[in-house]
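User: Please take a close look at one helix of this protein and explain how it is placed among its surroundings.

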Amino acid sequence: MKLIASRVQGVRFSSLRCFSAKPIAVLEDTVSTSISNNEMKFRHHPGVINPRTPTFPKWASTEIHNILKEKKIVLKEIRESANKLENYLNKRHPSLEQSQLAEKIKKVEKQLNAANPLSAVSAEDIDFHKNAKAKLILKQNVYNWQPINFDKLTALTYLVGRTVQNYAEAHRIFNEIKSRDKDFKPRTLFDFGSGVGTIMWAASDIWPETIREFFCVEPSPFMTQLSERFTKVAEPKIENVYYRQYFPMSTQTYDIVVSAHSLFELPGMESRIDALLNLWTKTEKYLIIIEEGTNAGFKLVNEARDFILKYSNSKHRKERQFVHIFSPCPHDLTCPRFATDNTPCNFSVLYHPLQFLGGWKHKQNLYSYVVLKKVKRPENDEQWPRIVRSILKRSNHTICRMCTANGELKEEIFTKYKHGRFMYRCAKDSKWGDRLPIHFEQQENLEKEKENCDIKKSET
């Protein structure tokens, strides 16, 4: 085949400009300037969430020890019970919805017919009372959900096994709100499923000068008794605490509303939606949902996130309510985690177990959460990407997996050569859960332009 271009004489081609569709990471100017002027260290860039390991209050640890002594609890036995409870919570699933039951019965039908293809049966003909095999298969496919009965012993077990972790989660979330929203001075807090009061302890430690009233909803009287005892010895002192077993009917709103590890205790989606509606009605500024860092826990958090966003932005509402995701998402779009894989969007916090129970080394706790702020997202909101997995540090490069402002998961390989020393060090010194003070810009790909787009010869 002859080239047509070879017959063309004296034709001059102008240079074509090609643009890269791949955005490049750019460090924020204020951060770069502060680092250049030695006003900021890389490990203290504004996207870092500190402290890495929140310190559990000594007064709380001492009081837990005193309670166990008074109740004559054997430490070895309560420690074993706490470990069993921890394993149970990590494997827990919410209750099965009626709409999901038909799918489970279809699985039973498929497994029965696979074992006996000659005597196939339909799902409608299975008698689960008489067919022991079908009943066993159904039991294996359906999670036997039950609410936890927080009697006296279970309350003490939860106190030993979960208090430190729950405190570390709340402290870390509250601390980010305080560091990013410096003008926010909360005076009231509403705690749904308050348990022994760890949310109050963390909030009073973060905002000791401003927060003045706590309203706690806790159905277990044994948990409430423990919480009341802790408020008497708390440092700083916790005052004006009001307890109820059920949701109050009043229309009063609170600066912070928290539901921590409580959605799993509700019997179904309908009751969860009712609870979320009540919590959102009570919210003046921030609504915080925290659950286990498992797939099941993340799904409950994401369910709450999507419902509040859709409810507030509904066209059928008489008055539109502004809302945006304050943390951890840098966007209000659909969570990209479900679109990519089946792993949860969770975060890690380090904590020191109770020393009198033999906890000398710090441990890692995984949790899923969302913080919704009841205002419109500011136009100058940074929307820095959030690091959603552990950073991979390699020779001369660092790999960060991030959730970005456009609602996508992005993996970026940071190097000194490509990104500069400042950005590389900021990425290297960050941790899972931090934000990176960068944004992405569409830039011209000069190398591709030089190789593929410029026709320098005017004649062939």
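Analyst:

**Helix α8 and its surroundings**

Helix α8 covers 13 residues (residues 221–233), which at 1.5 Å a residue should span 18 Å; its end C-alpha atoms lie 19 Å apart, which agrees. The expected span is 1.5 Å times one less than the number of residues in the helix. Helices (H or I, at least four residues) and strands (E, at least two) are DSSP runs, numbered from the N terminus. This is a predicted model, in which local features need pLDDT of at least 70, side-chain atom pairs count only at pLDDT 80 or more, and totals for chains, interfaces and linings use all residues. Residues are numbered from 1 along each chain as its sequence is written, and side-chain values use heavy atoms, with hydrogens and water left out.

Within α8, the buried residues are Met-223, Thr-224, Leu-226, Ser-227, Phe-230 and Thr-231. Buried means under 20% relative accessible area, exposed over 50%, and partly exposed in between (1.4 Å probe, protein chains only). Viewed down the axis of α8, these buried residues fall within an arc of 160°, so they line one face of the helix. The arc is that of the directions from the helix axis to the C-beta atoms. An α-helix has 3.6 residues a turn, so residues three or four places apart point the same way.

The cover over the buried residues of α8 includes α2 (58–70), α6 (152–180), α7 (198–206) and β4 (241–244). One residue of α8, Phe-230, is touched by Trp-201. Not counting residues up to four places away in sequence, the contacts of Trp-201 (heavy atoms within 4.5 Å) also include Trp-59, Tyr-167 and Ile-238.

Trp-201 also belongs to the largest nonpolar core, which has 65 residues; Trp-201, Phe-174, Ile-177, Trp-207 and Ile-288 touch the most other members. A nonpolar core is a set of buried Ala, Val, Leu, Ile, Met, Phe, Trp, Tyr and Cys residues joined through side-chain atoms within 4.5 Å. Helix α6 gives this core its largest share, twelve residues. Apart from this core lies another, of 28 residues, among them Val-217 and Tyr-254.

For the wider setting, the protein chain contains 14 helices and 14 strands, and 48% of its 460 residues count as buried. The chain averages a pLDDT of 87, and 85% of the residues score at least 70; pLDDT is the predictor's confidence in each residue, from 0 to 100. Over residues 1–19, however, the pLDDT is below 50.
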